[in-house]
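Welcome! Let us walk through this structure together, asking at each step what lies behind the words used for it.

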Amino acid sequence: MKILHPILSLFLLVLIFSCKSTAKWEGQGPIQIVPTESKPIDLQEKKTFDLENRVYFSNQFEGARLHDAKRINDSLISITILPENEPINPSPWYAFKIWSASPQTFWVKFTYSDKGFHRYYPKISQDGYAYSNADSADFVLPTVAEGRPTEAFLKVSSSPDTLWVAAQDLVGTQHVTDWKAELLKLDFVEKIEIGQSTNGRTLEVLKIGTADDQKMLMAISMQHPPEVPGYLAMKAFVETICEDSPEARKFRSKFNLYVMPQMNPDGVSNGHWRHNVGGIDLNRDWVNFNQPETKALSAFMEKKVADSGGKFVFAADFHATWEDIFYTINEDLEGNFPGLIPKLIKRSSKRIPGYDPNIRPTETNERSVTSNSYFFFVHGAESMTFEVGDNTPRELIRKKGELTARELMRLLK
Ligand SMILES: [Zn+2]
């Protein structure tokens, strides 16, 4: 299958594009395949670190990441955060909780054992659910060459009440579960089980709309566990499509939106930096389909097309990185709705005062290993990777997700 699959895909591509007189399809090179067979990962030991002076650090909750905690002196505790395996992109997720028998104030030193550097501004929560940025007076990030500090310091006031500290403002799958439950109260939303993850978690897609599946849309997020800002943009996008307005109702009667909000539930649950429990970056597995998550979603989409005779016209994969970026397909290539993505980005961005979007189309016209590429080259869906900055203000993220949905509904009507 490993040899057959790319050839089959290539054959499919030729078939798709040879049928389209408008397609500018030239210079297809070999597909650059990245190995995606499962690799071992290190499972962090789930435990509570009993430090002196009756201070406790724990990783015993969903989404936690903490490998070690040691007291250095009365006012300093050093912690170690490690990745699930290597090589790995530098997205060092951390999440842990702290409490103490009596109120105490001390500094927490973040260390990464040469496996990474401190990237995410710490978020604090009193209930493990709602997070906000730590006070800037309590956070020290040493200035170093290339902006990659290997340690960071956070001043913490602990008490018998638990305090959560995390790399982003969401931990675990509870938010996603609650959000889906809210959406499922709407009569045009239903859930579809499409498979199971390696650890036995349900892989689930939401169907939004009352249309006949002739024209379909796809939105996914959280292939990479720490990329919560991308999830928040996807959430705002989906909620706008679900609105009770004449425009949204009409849109839903013509287009069905399929959504997979959490592509990597095992990775999220285990507090991974990037990979699934197969130790693989899922966004490199959209040609090989060695991992259950990519296998399930691609099979779902291909079956949808085969059963309905319809097609996917639009797809977006929501991520987060250092800054807001749109990764798009080479504009010379035309899918099922030529010009949709550039128009969509232009129109939605125009509505944000002073915002000049960073758009990076692929330079070649070759298929690659990402979801974005799969959506376009296999389905002809006009597609983009919607990257939100790690520190983009949450209201702006919401606005961008919402405006993208509004302009999409206008462009596709
Ligand atoms: Zn990502």
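Q: What does the accessible surface of the protein chain come to, and how much of it belongs to carbon and sulfur atoms?
A: This is a predicted model, and in it the accessible surface of the protein chain comes to about 17,700 Å². Carbon and sulfur atoms account for 51% of that surface.

Q: What makes the protein chain as compact as a globular protein of that length?
A: Some background helps here: the chain has nine helices and 19 strands. Its radius of gyration is 22 Å, and the globule rule gives 22 Å for 413 residues, so the chain is as compact as a globular protein of that length. Along the principal axes, the C-alpha trace spans about 75 × 50 × 40 Å. Of the 413 residues, 57% count as buried. As for contacts between residues at least 6 apart in sequence, 76% join residues at least 24 apart.

Q: Which residues hold the protein donors of the zinc ion?
A: The donors come from His224 (ND1), Glu227 (OE, listed twice) and His319 (ND1), and they lie 2.1 to 2.5 Å from the zinc ion. Along the sequence, the donor residues follow the spacing H-x2-E-x91-H.

Q: Why is the arrangement around the zinc ion called irregular?
A: Four donors count as tetrahedral only if all angles lie between 85 and 135 degrees. Here the four donor atoms subtend angles of 56 to 147°, and that makes the arrangement irregular. For comparison, the ideal angle for four tetrahedral donors is 109.5 degrees.

Q: How do you know whether His224 is buried or exposed?
A: Buried means under 20% relative accessible area. His224 has 2% relative accessibility, so this residue counts as buried. With 6% relative accessibility, Glu227 counts as buried too.

Q: Why is helix 8 described as largely enclosed by the rest of the structure?
A: Helix 8 covers residues 371–379, and nine of its nine residues are buried, so the helix is largely enclosed by the rest of the structure. Among them are Tyr374, Phe375, Phe376 and Phe377. Just after helix 8 comes Gly380, with a positive phi of about 75°.

Q: What makes His118 count as buried or exposed?
A: His118 has 3% relative accessibility, and because the cut-off for buried is under 20%, His118 counts as buried. This residue sits in the loop between strand 6 (104–111) and strand 7 (123–125). Leaving aside residues up to four places away in sequence, His118 touches Tyr94, Phe110, Tyr112, Phe139, Leu141, Pro149 and Ala152.

Q: How do you know that the side chains of His118 and Tyr112 are joined by a polar contact?
A: A polar contact needs a pair of N or O atoms within 3.5 Å, and the contact between these two side chains is 2.8 Å. A polar atom of the His118 side chain also lies 2.8 Å from the backbone oxygen of Tyr120.

Q: Why is Ser348 called buried?
A: The relative accessible area of Ser348 is 5%, which puts this residue in the buried class, defined as under 20%. Ser348 lies in helix 7 (residues 340–350). Its side chain has a polar atom 2.7 Å from the backbone oxygen of Leu344, and the side chain reaches the backbone oxygen of Ile345 at 3.4 Å. Not counting residues up to four places away in sequence, Ser348 touches Leu403, Thr404 and Glu407.

Definitions and conventions. Residues numbered from 1 in each chain as written. Predicted model: local features only at pLDDT ≥ 70, side-chain atom pairs only at ≥ 80, totals over all residues. Heavy atoms only, no water. Donors = N, O, S within 2.8 Å, 3.2 Å for Na, K, Ca; no water. Tetrahedral: all angles 85-135°; square planar, octahedral: opposite > 155°, others 65-115°. Buried < 20%, exposed > 50% of the residue type's maximum accessible area, 1.4 Å probe, protein only. Helix = DSSP H or I, 4+ residues; strand = E, 2+ residues; numbered from the N terminus. Polar contact = N/O pair within 3.5 Å; in protein donor to acceptor, adjacent residues only side chain to side chain. Contact = heavy atoms within 4.5 Å. Rg over C-alpha atoms; globule rule 2.2 N^0.38 Å. Areas by Shrake-Rupley, 256 points an atom, 1.4 Å probe, with all protein chains shown as cover.
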